[in-house]
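Please find below my note on the structure, set out as numbered points.

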Amino acid sequence: MNETGKRIEVLYKDKFGQLISLILQRFRSLSIESAEDIVQETFAEAAMRWPEQGIPENPSGWLYQTCKNKSINLLKKNYKTEDLLFAKTVSVAAEEISEHGFKDAQLLMLMACCNPDITPKAQVVLALKYVSNLKVENIALQFGVELEAIEKMLYRARQKIKSEALILSANRYDYSRSRLSIVHKVIYLIFNEGYKQSGEKISQGKMMCEDALTLNKFLFDSPLCNSETKALQALMLFNIARFEARFDAHGNAIELEYQDRSFWDGSLIQLAHQLLTESEDSTFSPYHLEAAIAFVHCKAQSFEDTDWAAICRYYEALLKIYPSPFVEINYAVALQYNHQDEKAFRILMDLHRNPYFNKLPILEMTIRKYLKRVNPENGA
């Protein structure tokens with residue numbers, strides 16, 4: 001792929017959801033499918049024109065203007081004169097196509113996807129698809145479900161939006177505290193999707209992590225900020241502080257035990273700890289507990305110095321408020337390092353006997369590592 005193609009690919013990943021949001025804000029009679037088609041067509045046009053004509057001076061502006069023109073043409077074709085007249089009265093914050101305006105549009109789209117008239121799980125799926133532009137198969141992996149289940153969920157959500165005329169394009173005044181919990185969840189999943197990337201996708205993964213941090217920072221700086229917002233920001237900062245140490249020169253993942261901790265960003269860890277302290281409240285969320293676990297790892301001078309007993313206690317508390325097979329797997333790993341091999345093995349075998357969970361690649365890998373650790377000769 002040439003440099004122009006790579007630039008278009010980066011823009012597609014970064015601007016896809018933002019452009020949909022901007023189009024839906026101005027042309028509110030358009031369906032989400034129509035907006036998605038318009039954005040896809042715009043990038044296809046860029047892929048044809050830019051290699052010959054060169055990349056525009058303001059590529060984001062070109063993309064938005066092209067999307068806008070295509071939207072107008074579609075409404076004219078469908079004789080939506082009233083909708084066009086109404087569109088002219090709509091104020092779009094990012095009309096000047098500033099980068100801040102695009103990011104603001106992304107947060108608006110995130111809030112809009114978290115419409116209380118849509119089921120919570122569908123809200124997350126919509127946002128991951130249209131805000132972070134994750135592929136359907138990656139969303140399925142995040143949820144640990146089959147690809148077809150996510151496709152059906154997206155279809156039903158879009159049908160509900162269409163049949164009940166739900167306005168997906170929220171504006172700043174529609175921000176609602178009732179949406180915060182699901183918004184936090186989506187930001188958390190976006191970060192996780194980026195954090196697990198490796199190989200050639202490391203830079204793309206880090207960009208996604210930074211995207212999640214930026215989205216949460218918008219919430220952090222708003223009147224909506226609460227203890228959960230701070231705990232989530234702390235968790236992401238603890239993790240991004242260790243990002244560079246997680247890979248070798250060839251992009252291969254390095255396990256925590258073998259990471260060079262001198263590559264960890266001490267200033268980010270300090271900031272994360274400060275936010276975690278500030279987030280203390282009468283109630284706590286899963287993000288508080290995950291951030292606490294991350295802090296235990298970050299403050300250990302070496303892998304051997306890790307307070308595994310504390311980590312086990314945090315995982316036990318986490319399982320009470322957020323039961324998940326992924327949390328159980330991590331808990332089993334912590335138990336092993338806390339010299340509780342039998343309990344760890346029981347948890348892993350219980351998951352393995354489950355006809356659904358035994359398909360998880362991380363479970364198979366964890367069991368294999370467990371067997372190799374307790375029986376080096378036969379566990380490989």
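The points concern a helix pair, a salt bridge and a surface patch.

1. The model is predicted, with local features requiring pLDDT of at least 70, side-chain atom pairs pLDDT 80 or more, and totals for chains, interfaces and linings using all residues. Numbering runs from 1 along each chain as its sequence is written, and side-chain values use heavy atoms, without hydrogens and water.

2. Helices α6 (residues 120–130) and α8 (residues 147–163) pack at about 95 degrees, their axes 10 Å apart. This makes α6 roughly perpendicular to α8 (65 to 115 degrees). Among the contact residues (heavy atoms within 4.5 Å) are Val 125 and Leu 126 of α6 and Met 153 and Leu 154 of α8. By class, this contact has 9 nonpolar, no polar and 3 charged residues.

3. Lys 129 and Glu 36 form a salt bridge at 2.8 Å, N to O (Lys or Arg side-chain nitrogen within 4 Å of an Asp or Glu carboxyl oxygen). Lys 129 lies in α6 and Glu 36 in α2 (residues 32–53), so the pair ties together parts 93 residues apart in sequence. The count comes to 12 salt bridges.

4. Phe 284, in the loop between α12 (266–278) and α13 (286–299), joins Ile 321 and Tyr 322 in a nonpolar surface patch of about 280 Å² (residues with over 30% relative accessible area and no salt bridge, nonpolar side chains joined within 5 Å). Accessible areas come from the Shrake-Rupley method with a 1.4 Å probe.

Definitions and conventions:
Axes fitted to C-alpha atoms, helices over the stretch in contact; angles between N-to-C directions. Helix = DSSP H or I, 4+ residues; strand = E, 2+ residues; numbered from the N terminus. Parallel < 35°, antiparallel > 145°, perpendicular 65-115°, else oblique. Nonpolar A, V, L, I, M, F, W, Y, C, P; charged D, E, K, R; others polar. Patch = residues over 30% accessible without salt bridge, like charges linked within 9 Å, V, L, I, M, F, W, Y side chains within 5 Å.
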